[in-house]
Amino acid sequence: MPHPRTLINPAALGMALALSPSVAASTSTDLYFQRSLMADAGARCALFTPQVQAALVSGREQARGAALRAGSSPQSLRAIADRARERARSTRCDSPDLEIAAERVRRGFKGYAQLVRQEFPGDIGVWKADRSVSAQRPQWRLSQDVLQGAVKLRLGIAGRPGAENMMAVVHFPDGSKPYAARLILRDRRLTSGAYIDSRGESLKGLALARRMPKAGPFESYSAESRSLAGADLLPPGLASGWAFRFPAESAAAMEALDPREAIQIEFLISSAPSRRVYLEVGDFAAARAFLAITSG
């Protein structure tokens, strides 16, 4: 970890330019500190273009997810973020060390800010982000595909520019026709942190159902609309599916969760038991930050 009396360590900023989330715990916590520090300093001192600032925030969230998956506790990461924020506040905007560090960040993240597509892998699932824009048709900007048994699901952010929504498209091979859907998450206000029933096992491959509380407390978001999915939103290989649109605040709630935990979508079906599909939260926050990178 950076020495507590070091305001800015320009040499250490070289670590902040590595964008792979597959790093050791000590490295990922250092990355998280450096990226948090520079993101806070960048916002306070207007050090970066909006493109680089958004790329830095995305990289910061990747480092946070990597640190959690490598064994760091949420409490320790909150302490790191607090320390980085205080360090940024106590550093003068015209500090020579800060400018050296900022220039290294600009060089390191400039190319990243130009990427159009990026994948954000978790323990099980992968979020795929796409910054390309089409005014002619709706498209997936962010998506995770899930195959649970024979049920196929895609969750993410889709739509046209200026009208993008949190959406799920599901296909039931038995012809089930869900009339409603709910996005269910751990209630962050009534719990102290993620519930992960690992029992000492590795998170790699840990069933998603064991990454959620068994009996709550939960917060849920009912779908605002249901329709047959158009061809533009159907995942590859599907000829039909049901599309559900969820409230905008559901994305913000999911972004605030621990990347190691899971959520579920419950589909309500007439004269039949409801069907539940689980998804990994993963680096949803980092992927959303990547989408926020503007062209330029």
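This passage describes a four-stranded sheet and the largest internal cavity in a predicted model.

The sheet is open and contains four strands, arranged in the order β7-β6-β10-β11. Pairing within the sheet is antiparallel. Strands β7, spanning residues 218-222, and β11, spanning residues 272-280, form the edges, each being paired on one side only. On average, neighbouring strands of the sheet are turned by 25° against each other, with direction ignored.

Within this sheet, strand β10 comprises residues 262-269 and runs antiparallel to β11. The two strands are joined by seven bridges. At the level of single residues, E266 has R276 of β11 as its bridge partner.

Empty space inside the model was also examined. One cavity of 30 Å³ or more was counted, and the largest cavity holds about 70 Å³ of space. Its lining consists of E61, R64, G65, E255, L257, P259, V281, G282, D283, F284, A285 and A286. Two helices each supply at least two residues of this lining, namely α2, which covers residues 50-69, and α6, which covers residues 284-291.

By residue class, the lining of the largest cavity comprises six nonpolar, two polar and four charged residues. Gly counts as polar in this division, and G65 and G282 are among the lining residues. The lining also includes the charged residues E61, R64, E255 and D283, while L257, P259, V281, F284, A285 and A286 belong to the nonpolar class.

Definitions and conventions: Residues numbered from 1 in each chain as written. Predicted model: local features only at pLDDT ≥ 70, side-chain atom pairs only at ≥ 80, totals over all residues. Heavy atoms only, no water. Pairing = 2+ DSSP bridges. Axes fitted to C-alpha atoms, helices over the stretch in contact; angles between N-to-C directions. 1 Å grid on protein atoms, 1.4 Å probe; cavity = no way out; pocket = protein on both sides within 12 Å on 5 of 7 lines; lining within 4 Å. Points joined across faces, edges and corners; volume = space filled by probe spheres on them.
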